[in-house]
Amino acid sequence: MGKGGNQGEGATEREAPMPTFSWEEIQKHNQRTDKWLVVDRKVYNVTKWSTRHPGGHRVIAHYAGEDATDAFNAFHPDLDFVRKFLKPLLIGELAPEEPSLDRGKSAQITEDFRNLRKTAEDMNLFKTNHLFFFLLLAHIIAMESIAWFTVFYFGNGWISTLVTAFVLATSQAQAGWLQHDYGHLSVYKKSKWNHIVHKFVIGHLKGASAKWWNHRHFQHHAKPNIFHKDPDVKMLHVFVLGEWQALEYGKKKLKYLPYNHQHQYFFLIGPPLLIPLYFQYQIIMTMIVHKHWVDLAWAISYYARFFCTYIPFYGILGSLLFLNFIRFLESHWFVWVTQMNHIVMEIDLDHYRDWFSSQLAATCNVEQSFFNDWFSGHLNFQIEHHLFPTMPRHNLHKIAPLVKSLCAKHGIEYQEKPLLRALMDIISSLKKSGELWLDAYLHK
């Protein structure tokens with residue numbers, strides 16, 4: 001149990017003596033209505049404040065009862081600013097005899113990773129090349145213009161329509177990678193400007209919601225490939241992933257779909273439907289249900305621009321079909337790129353690893369080339385991006401050799417593959433999980 005005075009939310013550092021707590025006590029406060037976490041050995045009660053957290057309440061809940069120091073440092077580029085919000089939430093500190101990390105997380109790996117982060121800061125790897133991001137935005141706008149000009153000049157025949165659709169799908173995919181940069185606060189020093197431009201890119205250029213993306217994606221980064229915490233592995237019974245889920249479904253005789261064929265029906269309901277069906281519905285409903293009116297206004301501006309541009313050529317119904325065909329194409333691009341780094345890695349329940357080890361267990365890289373960098377929005381450096389989510393993507397390749405060295409020092413596998421192999425491994429992984437499910441379903 002904790003020792004000392006006030007344990008309620010709102011205690012301040014000025015109180016003396018500072019209450020102290022054991023990890024056993026802290027780990028009890030990991031409930032929906034009772035959330036404590038630790039940052040730099042200080043204990044904070046974030047129960048009430050979590051609902052006001054800009055990154056969403058769930059990402060904080062995922063670290064309740066744990067040390068969140070490295071996650072806190074990773075997500076916030078301006079630490080001095082965000083620490084102001086922590087001060088009123090301080091309720092105590094770890095007891096002197098308690099280790100800084102919980103559940104046997106590696107102190108040596110953590111220390112080495114923090115030294116690596118300090119090295120990255122000294123190398124100015126968190127400094128942005130603004131010309132890089134300007135050119136990315138410019139090439140997206142150029143593609144939008146080329147698409148309109150193609151239909152305007154050549155008419156709405158099948159060939160010009162297909163060319164326009166592929167150009168717009170490319171524009172949408174690249175806008176998706178660009179909004180990802182601003183969403184991670186990796187472009188401007190001030191979070192405010194990242195948020196503003198993020199809403200423009202994801203809202204006006206893509207018709208989606210910044211808040212929906214933030215709340216979903218930050219959970220993925222906080223606990224990648226962890227069931228019940230990473231929404232990206234919540235498959236709604238359509239697929240079984242990894243070993244644990246496949247075996248659990250098999251043992252419990254759960255058969256919502258023939259999972260031993262999931263590597264085949266993936267081509268029919270995975271890449272084709274994620275964006276035009278599932279994401280589109282989820283985004284619109286989230287904005288309405290949660291009253292994200294600013295995001296909704298930005299999304300409406302996208303639809304207004306799109307339909308004003310293409311209704312003169314295709315009519316209302318034709319423009320609707322055209323829009324969904326573009327999203328159908330983009331969805332293939334998005335699914336293959338985002339899954340090649342994660343679905344092939346360990347997917348399991350939370351083992352409460354240290355930050356470095358947890359990210360390496362859930363991510364792998366694809367070899368660098370100009371095309372791979374552009375095609376994936378530099379998510380071919382998924383390992384480095386997960387370790388340093390606020391680092392501008394044009395610097396990820398610079399920190400990669402140091403990450404490899406740290407992995408070698410601690411015997412942690414650093415996976416890097418050719419692009420085509422990484423894409424094929426998605427199917428191999430689904431097939432393996434399906435076979436595990438079938439064996440458990442039939443024999444256990």
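The paragraphs below lead through a predicted model, starting with what the UniProt record marks along the chain and moving on to the core and the empty spaces.

A first orientation comes from the record, where an unreviewed UniProt entry lists residues 18-95 as "domain: Cytochrome b5 heme-binding". In the model this span is 31% helix and 24% strand, and its end C-alpha atoms lie 10 Å apart. Further along the chain, UniProt, again in an unreviewed entry, places the feature "transmembrane region" at residues 131-151, 157-178, 265-290 and 302-323. Two of these stretches can be described through their fold: residues 131-151 are 100% helix and 0% strand, with end C-alpha atoms 31 Å apart, while residues 265-290 are 81% helix and 0% strand, with end C-alpha atoms that lie 33 Å apart.

From the annotated spans we turn to the packing of side chains. The largest nonpolar core has 51 residues, and those with the most contacts inside it are F356, L387 and V403. Helix 17, which covers residues 396-410, gives the most to this core, with 6 residues. The core also draws on both parts of the chain, taking at least three residues from each of domain 1 (20-104) and domain 2 (106-443).

Where, then, is space left empty? Rolling a probe the size of a water molecule over the atoms shows where such space remains. In this model there are 2 cavities of 30 Å³ or more, and the largest cavity has a volume of about 230 Å³. Its lining is made up of 27 residues, of which Y63, K223, R353, D354 and S358 lie nearest the centre. Helix 3 and helix 14 (355-362) each supply at least two residues of the lining of this largest cavity, and helix 14 gives the most, with 4 residues. By class, the lining of the largest cavity divides into 12 nonpolar, 5 polar and 10 charged residues. Like the core, this lining draws at least three residues from each of domain 1 and domain 2.

The second largest cavity has a volume of about 60 Å³. Among the residues that line the second largest cavity are H180, D181, H184, H378, H385 and R393, and its lining as a whole has 4 nonpolar, 6 polar and 2 charged residues.

Besides these cavities, the model has open pockets to consider, and the second largest pocket holds about 670 Å³ of space. It is lined by 31 residues, and the closest to its centre are W49, H53, P54, H76 and V82. Several elements take part, since strand 3 (34-39), helix 2 (57-61), helix 3 (69-75), helix 4 (79-86), helix 8 (191-204) and helix 9 (210-222) each supply at least two residues of this pocket's lining. The largest share, 4 residues, comes from helix 4. In the lining of the second largest pocket, 20 residues are nonpolar, 9 are polar and 2 are charged.

Why does the second largest pocket lie between domain 1 and domain 2? Both domain 1 (20-104) and domain 2 (106-443) give residues to the lining of this pocket, and therefore the pocket lies between them. Helix 3, which contributes to this pocket's lining, also supplies at least two residues to the lining of the largest cavity, which makes helix 3 a useful place for the reader to return to when moving from one space to the other.

Key:
Residues numbered from 1 in each chain as written. Predicted model: local features only at pLDDT ≥ 70, side-chain atom pairs only at ≥ 80, totals over all residues. Heavy atoms only, no water. 1 Å grid on protein atoms, 1.4 Å probe; cavity = no way out; pocket = protein on both sides within 12 Å on 5 of 7 lines; lining within 4 Å. Points joined across faces, edges and corners; volume = space filled by probe spheres on them. Nonpolar A, V, L, I, M, F, W, Y, C, P; charged D, E, K, R; others polar. Domains from an automatic or database assignment. UniProt positions renumbered as here; feature names shortened; annotations may be inferred. Core = buried A, V, L, I, M, F, W, Y, C linked by side-chain atoms within 4.5 Å. Buried < 20%, exposed > 50% of the residue type's maximum accessible area, 1.4 Å probe, protein only.
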